[in-house]
Amino acid sequence: MRRKLFAAVLAVVAAAGLTACGNGNDDPNVLKVGTEGTYSPFSYEQNGSLTGYDVDVIKAIGEKLGKKVEFVQTPWDAIFAGLEAKRFDLVANQVTVNPERSQKYSLSQPYTVSEGVIITKADTNGINDLADLSGKTCAQSTTSNWSKVAGSAGCNVEGVPGFVEAITLLKQGRVEATVNDSLAFAEYTKTKNDSSVKVAGKTGETSQQAFAARKDDQDLINQVDTALAELRADGTLAKISEKYFGTDVSK
């Protein structure tokens, strides 16, 4: 009888241990961060290593917090599901601040400020602003803020994994436009030297980007905000911005 009771207790303890191991990151010295790794110049691979503006900023935050940063590369359309499933603690991937996200997640203070642009093929005429997108087809990551902007303008959204795929469909003539971040497009044209696409117009919106954590993890966001304030004060954020954009995009 005692053996059976002892075995039952061991089984319960083991099961509890397995459950605890499955509940996200249990190491207080590690900060797990979800990012695409395919969104240049913010998060991308170079010579086999993950790099980019978002990557450098979150690494600097990790140093301030005394934590080792571990990246979990995840497609954008699955990144918030990964956060909610506790695969990582934080999303560092140009998360645009909007009311819906502010209600659902804990968001840091903004660390990037940019504007939206409408991108078309270089020889396209007749698309100059959001009103001109009505009835057209736009390639967009369906869960992105830019997808909502395009859809609200009356554009039929063709879902794609990310910015690179959107540009590919655009160049193939399968869509007529894509709406995205001005900084992402500037980096694309700089690195690819691609004159076949252009900025046809602006959305008229300035957007702010932040880090995202689960709603019940406000303490982590408070720590991130403290670190961001220190990085602004000591010039680190401006230095990282200059490295990737030639100007300070953090304010």
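Here is a walk through a few helices and one strand of this structure, which is a predicted model.

Let's begin where two helices meet. Helix H2, residues 53-65, packs against helix H8, residues 218-233, with their axes 9 Å apart and an angle of about 105° between them. That angle makes H2 roughly perpendicular to H8. If you want to find the contact in the viewer, look on the H2 side for Val57, Ala60, Ile61, Lys64 and Leu65, and on the H8 side for Gln223, Val224, Ala227, Leu228, Glu230 and Leu231. Sorted by character, the residues of this contact comprise 8 nonpolar, 1 polar and 2 charged.

Both of these helices turn up again around helix H9, residues 236-245. The buried residues of H9 pack against H2 and H8, and also against strand E3 (43-46), strand E4 (49-51) and helix H7 (182-192). Which residues of H9 are buried? They are Leu237, Ile240, Ser241, Tyr244 and Phe245. These buried residues lie on the same side of H9, because they cover an arc of only 105° around the axis. The spacing is a familiar one: an α-helix has 3.6 residues a turn, so residues three or four places apart point the same way. Turn to the other side of H9 and you will meet Lys239 and Lys243, which are exposed. After the helix comes Gly246, with a positive phi near 75°.

Helix H6, residues 163-171, makes a good companion to H9. Here the buried residues are Phe163, Ala166, Ile167, Leu169 and Leu170. They too share one side of their helix, because the arc they cover around the axis of H6 is only 160°. H6 is followed by a glycine with positive phi, Gly173, where the value is near 80°.

Our last stop is a strand. Gln209 sits in strand E12, which spans residues 197-214. Is Gln209 buried or exposed? With a relative accessible area of 1%, Gln209 falls under the 20% cut-off, so the residue counts as buried. The side chain of Gln209 has a polar partner in the side chain of Ser207, the two being joined by a polar contact of 2.8 Å. Leaving aside residues up to four places away in sequence, Gln209 touches Gln94, Val95, Thr96 and Val97, then the run Gln109, Pro110, Tyr111, Thr112, Val113 and Ser114, and finally Asp181.

Conventions
Residues numbered from 1 in each chain as written. Predicted model: local features only at pLDDT ≥ 70, side-chain atom pairs only at ≥ 80, totals over all residues. Heavy atoms only, no water. Axes fitted to C-alpha atoms, helices over the stretch in contact; angles between N-to-C directions. Helix = DSSP H or I, 4+ residues; strand = E, 2+ residues; numbered from the N terminus. Parallel < 35°, antiparallel > 145°, perpendicular 65-115°, else oblique. Contact = heavy atoms within 4.5 Å. Nonpolar A, V, L, I, M, F, W, Y, C, P; charged D, E, K, R; others polar. Buried < 20%, exposed > 50% of the residue type's maximum accessible area, 1.4 Å probe, protein only. Arc of directions from axis to C-beta. Polar contact = N/O pair within 3.5 Å; in protein donor to acceptor, adjacent residues only side chain to side chain.
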